[in-house]
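The following note sets out comments on the model for a colleague's consideration. Its points are numbered for ease of reply.

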Amino acid sequence: MSLQTEAVRRLSIDYPIIQGPFGGGISTVELVAAVSNRGGLGSFGAHIVAPEDIGTLADRIRTETFGPFALNLWVSDHDPGGLHLSQDQFDRYFPIFAPYFDELGLEKPERPDLYHYRFEEQVDALLEARPPVFSFVFGVPSVKILAECRQRGILTAGAATTIAEAEALDVAGVDLIVATGFEAGGHRPSFLAAAEDSLMGTLALTQIIAERVKAPVIAAGGIADGRGLRAALELGAQATQIGTAFLACSESGTTDAHRALLLGDAVLETALSRSYTGRLARVIPNRLYEELQPKTDELPPFPVQGWFISKIKAAAMAANRNDLITLYSGQIAPNLRHRTVPELMDALIQQIA
Ligand SMILES: Cc1cc2nc3c(=O)[nH]c(=O)nc-3n(C[C@H](O)[C@H](O)[C@H](O)COP(=O)(O)O)c2cc1C
């Protein structure tokens, strides 16, 4: 089986290994550079980065690596009702979170004008910054944006959780399609049907999509070693996107406590839940999840839910508490073995040699 696939060639990388981007402030320049410097593609999840900071971010990555890298955004920046909230709506949602604010000694926050940066402004900044790869989730960018990418030599990679989403990305002319199975850690980036109705596994999704689209397919979800990587290529993928195994590495921006959970027995079970952000994500069950999961129907929409939770998380982290922070993990976590990017990359490369 050749490892020099069309996707590897297009991405100008040495191995069919993409480090999945992490949103929510847990991507780091160090992680991206460590992966790109070892022949994979590092990716930075920039969906909560201010438009005016995206250029500087790309410059910082370029000072740490000569290799290609991806910047990642979320195409859809709010769910219905999640763009603006009246004071009345804000006050009606707050009691869900008030017990945690009280427990952590936090005041009730002021209602903000905006809960999330607008994708349109972020993508303008990204085009200006010209990263080698623009990867995205939760939708298909406009014809104009995709044309701009082509003109500027920026490769595009979009996530699909269903066959229909893969076909939509392909028809739009997206360069690479990331077949994202429900095993994956983080959000289920569905955009045509509800995430709960888009639960295909990586095994089926990769094989089917690879036969139906023109673009090279990248398999994501449940891959953490050379066996998984080879299996994905065998099923028709041309590269793999690995998230949870890189999240557990010391170069990622998560907490040591989260890393320790990922490398321990706490991740024998994960759950899909809207409790952290209002969008469905694979998480490690903790108190925040246990208490909010039964209230799923009462929670505010994305990104408002995530905004309230970010205040709780920041205070809980400062207090060194795991029960009230957001903890993500993919299903493959019990098989994680490596604590640094060089260890993980060397093992992957050796196992597929
Ligand atoms: C904490 C966390 C945050 C993530 N954030 C993003 C994101 O912002 N954008 C994105 O395209 N993928 C995101 N992902 C998905 C990963 O990039 C990758 O596709 C996925 O983790 C692969 O599955 P695995 O976890 O089984 O390896 C995230 C994953 C995790 C675990």
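**Comments on the predicted model**

1. Glu269 is located in the loop that runs between helix H11 (256-262) and strand E10 (271-273). The model is a predicted one. With a relative accessible area of 59%, Glu269 is exposed, because the threshold for that class is over 50%. Glu290 follows Glu269 by 21 residues along the chain, and 13 Å separates their C-alpha atoms.

2. His47 also belongs to a loop, the one between strand E2 (42-45) and helix H3 (51-64). Is His47 buried or exposed? Its relative accessibility is 7%, so His47 counts as buried, the limit being under 20%. The side chain of His47 makes a polar contact of 3.1 Å with the side chain of His116. Neighbours within four places in sequence aside, the residues in contact with His47 are Gly23, Gly24, Asn72, Leu73, Trp74, His116 and Gln122.

3. The ligand has 22 residues around it, of which Asn72, Gly222, Gln241, Gly243 and Thr244 come nearest. Strand E3 (69-74), strand E9 (239-242) and H10 each contribute at least two residues to the shell around the ligand.

4. Several polar atoms of the protein approach oxygen atoms of the ligand. For Thr244, a polar side-chain atom lies 2.5 Å from a ligand oxygen; for Trp74, a polar side-chain atom lies 2.9 Å from a ligand oxygen. In the case of Gly185, a backbone N or O atom is placed 3.0 Å from an oxygen atom of the ligand. On its own the ligand has 610 Å² of accessible area, and the protein covers 95% of it.

5. The largest nonpolar core comprises 60 residues, and the most contacts inside it belong to Ile17, Phe246, Leu262, Phe308, Ile312 and Val341. At least two residues of this core come from each of several elements, including helix H4 (87-103), helix H9 (226-234), helix H13 (304-318) and helix H14 (341-352). Why does this core lie between two domains? Domain 1 (6-78 + 116-252 + 337-352) and domain 2 (80-114 + 271-328) both give residues to the core, so the core lies between them.

6. Phe246 merits a separate comment. Once its neighbours within four places in sequence are set aside, Phe246 is in contact with Ile17, Ile18, Gln19, Phe22, Leu31, Val35, Ser252, Val341, Leu344 and Met345. Another core, of 36 residues, lies apart from the largest nonpolar core; Leu71, Leu73, Ala125 and Ala215 are among its members.

Note on methods
Residues are numbered from 1 along each chain as its sequence is written. This is a predicted model: local features need pLDDT of at least 70, side-chain atom pairs count only at pLDDT 80 or more; totals for chains, interfaces and linings use all residues. Side-chain values use heavy atoms; hydrogens and water are left out. A nonpolar core is a set of buried Ala, Val, Leu, Ile, Met, Phe, Trp, Tyr and Cys residues joined through side-chain atoms within 4.5 Å. Buried means under 20% relative accessible area, exposed over 50%, partly exposed in between (1.4 Å probe, protein chains only). Helices (H or I, at least four residues) and strands (E, at least two) are DSSP runs, numbered from the N terminus. Domain bounds come from an automatic or database domain assignment. Contact means heavy atoms within 4.5 Å. A polar contact is a pair of N or O atoms within 3.5 Å; within protein, one must be able to donate a hydrogen and the other to accept it, and residues adjacent in sequence count only if both atoms are side-chain atoms. A residue is near a molecule or strand if one of its heavy atoms lies within 4 Å of it. Accessible areas come from the Shrake-Rupley method with a 1.4 Å probe; for residues, only the protein chains shown count as cover.
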